Amino acid sequence: MSDTPFGFGLPPEEPEDGDNGKKKGGDQGGQGPANPFGFGPGAGGGDNPFAALFGGAMPGMPGAGGMNPQDLGAAFQQLGQMLSYEGGPVNWDMAKDIARQTVAQGTADGSKDASVTDGERAAVEEAVRLADLWLDGVTSLPSGSGTAVAWSRAEWVEATLPVWRELVDPVAERVGSAMGDVLPEEMRAMAGPLLGMMRSMGGAMFGTQIGQAVGVLAGEVVGSTDIGLPLGPAGKAALLPLNIAEFGSGLGVPQEEVRLYLALREAAHQRLFSHVPWLRSHLFGAVEGYARGIKVDTSKLEDVVGQLDPTHPEQMQEALQQGMFQPEDSPEQKAALARLETALALVEGWVDAVVHAAAAPHLPSAGALRETLRRRRATGGPAEQTFATLIGLELRPRRLRDASRLWASLTDARGAEGRDALWEHPDMLPTAADLDDPDGFVHREHLDFSELDKMLGEAAGGTAGPDPKKPDTKPDTKKDDGSEGTE
């Protein structure tokens, strides 16, 4: 039985150099699901979110076995809330509550969330300020960090949920629509209450699993851009002091250097997302494009609908575990995944190259920290697993390293300004094929799209015409009717 919601499964294991073939995800000590968006064992210890009502456990709730009347009443009250939900495809109120509960429980190693101190806040602000100063010397993109903030894990959950909603809703919406499309038109009116219950339970299940995933992820992330996407508010560089301390423990590197290096990565991401206006929509549009290609095994869903017992809602949970939802193997679907994978690799590769150039002259541990973070991304934690399971995508470490080498080669050949100019238009960026042949891309002549965009804009506005600064060298062909010509 699959433990992933859409039948994706984890990507194949791919060993990184020197990691001895370490499996993706590793041992998380029982904290959170193996696949954060999979409908498998969750952070709360139950096999599904309804297990609390039927003998299992749910985050923040006691097991049903041996419940006293008060606990049993609370369980059925929560079931009532699930079934009465009438919002969108994901019950985000439930997701938020479960994420906060998961954070409150602490991580597998016993680390508990704590409020940020004034000293920690000042240290983060100083680290981001210094990081921006160093980055000024290695990139032509100006600072994108209007403010620098230090977050607790709970604050990270609150700040990033709006973006998770933007990422997840297209996928969940497609799944919900597929549920309604299974029944023939003439039967939908008769099955209205059942479909409503299915939508409510689907929203609850999505909310439960996403809440668990985000709560587990909050115990690991060190900033707002760990997965290569801008999860926090625009222009706000955010670091989590508690998680930075956990990340740095055992590395043998002073905490100040660890904080500075991670501040460099956060500030570099902020520059890119702040000053490349099309990048965010490009990435999120690829997620939506992928969601449109999700299809449903209607035969399985028809069986579930026909056999669903309203008194046992966990049956829907079990059905969702059987790989009912599959990505469509179409050219459009493959193109959406390829576009997203390549764009993410280019973002991460640019950050990796720029941060190393900024850190190497100042931090003795820059090389070691760079390799540690590369391996962290390669072996995978909740960040990579969340994203891979959400949209069936693996950000390959090999692609990240290739992209980093390509950006470094571009720096040598064209300088920082020439390298960063490629972000002016998506058609100027390297492709997946270019990552295989970086030398060919580096030495290839590229078109300047700025003039083309200007011309297209003028044509759309009806203002296209000859450039007054350039002589008109075209032959005069407008005098044959006796009208006044141009001298």
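**Close-up 1. A salt bridge joins R375 and E371 within helix 13 of the predicted model.** The closest contact between the two side chains, N to O, is 3.2 Å. Helix 13 spans residues 366-379, and because R375 and E371 are four residues apart in this helix, about one helical turn separates them. R375 is partly exposed, with a relative accessible area of 29%. E371 is likewise partly exposed, at 26%. Side chains of opposite charge can pair when their charged atoms come close.

**Close-up 2. In helix 3, D118 and R121 form a salt bridge.** The side chains meet at 3.2 Å, N to O. Helix 3 comprises residues 118-135; the two partners are three residues apart within helix 3, so they are separated by about one helical turn. D118 is exposed, with a relative accessible area of 64%, whereas R121 is partly exposed, with a value of 30%. In total, the structure holds 19 salt bridges.

**Close-up 3. R399 and D402 pair in helix 15.** The closest N and O atoms of this salt bridge are 2.8 Å apart. Both residues belong to helix 15 (residues 397-420), where a spacing of three residues places them about one helical turn apart. R399 and D402 are both buried. Their salt bridge belongs to a network in which shared partners join R399, D402, R405 and D436.

**Close-up 4. The largest nonpolar core of the model contains 89 residues.** The residues with the most contacts inside this core are W156, W164, L279, L283, W350, W407 and W423. Helix 12, which covers residues 331-359, gives the most to the core, contributing twelve residues.

**Close-up 5. The surroundings of W407 include residues distant from W407 by more than four places in sequence.** With residues up to four places away in sequence left out, W407 touches L346, G349, W350, A353, R419, L422, W423, L429 and P430. W407 is buried, as is W423.

**Close-up 6. The rings of W407 and W423 are stacked.** There are two aromatic pairs in the model. In the pair formed by W407 and W423, the ring centres are 5.3 Å apart and the planes make an angle of 15 degrees. W407 lies in helix 15, while W423 lies in the loop between helix 15 and helix 16 (432-436); the pair therefore ties together parts that are 16 residues apart in sequence. Ring pairs also bring W278 into a cluster with W407 and W423.

**Close-up 7. The charged end of R280 sits over the ring of F284.** The distance from this charged end to the ring centre is 4.4 Å.

**Close-up 8. Confidence varies along the predicted chain.** The mean pLDDT of the protein is 73, and 56% of its residues reach 70 or more. Over residues 1-65 the pLDDT is below 50, although this stretch has 183 contacts in the model beyond near neighbours in sequence. Residues 463-487 also have pLDDT below 50, and this stretch has eight contacts beyond near neighbours in sequence.

Methods. Residues are numbered from 1 along each chain as its sequence is written. This is a predicted model: local features need pLDDT of at least 70, side-chain atom pairs count only at pLDDT 80 or more; totals for chains, interfaces and linings use all residues. Side-chain values use heavy atoms; hydrogens and water are left out. pLDDT is the predictor's confidence in each residue, from 0 to 100. Contact means heavy atoms within 4.5 Å. A salt bridge is a side-chain nitrogen of Lys or Arg within 4 Å of a carboxyl oxygen of Asp or Glu. Helices (H or I, at least four residues) and strands (E, at least two) are DSSP runs, numbered from the N terminus. Buried means under 20% relative accessible area, exposed over 50%, partly exposed in between (1.4 Å probe, protein chains only). A nonpolar core is a set of buried Ala, Val, Leu, Ile, Met, Phe, Trp, Tyr and Cys residues joined through side-chain atoms within 4.5 Å. Rings of Phe, Tyr and Trp (its six-membered ring) pair if their centres lie within 6.5 Å; planes under 30 degrees apart count as stacked, over 60 as edge-to-face and the rest as tilted. A charge sits over a ring if NZ of Lys or CZ of Arg is within 6 Å of the ring centre and within 35 degrees of the ring normal.
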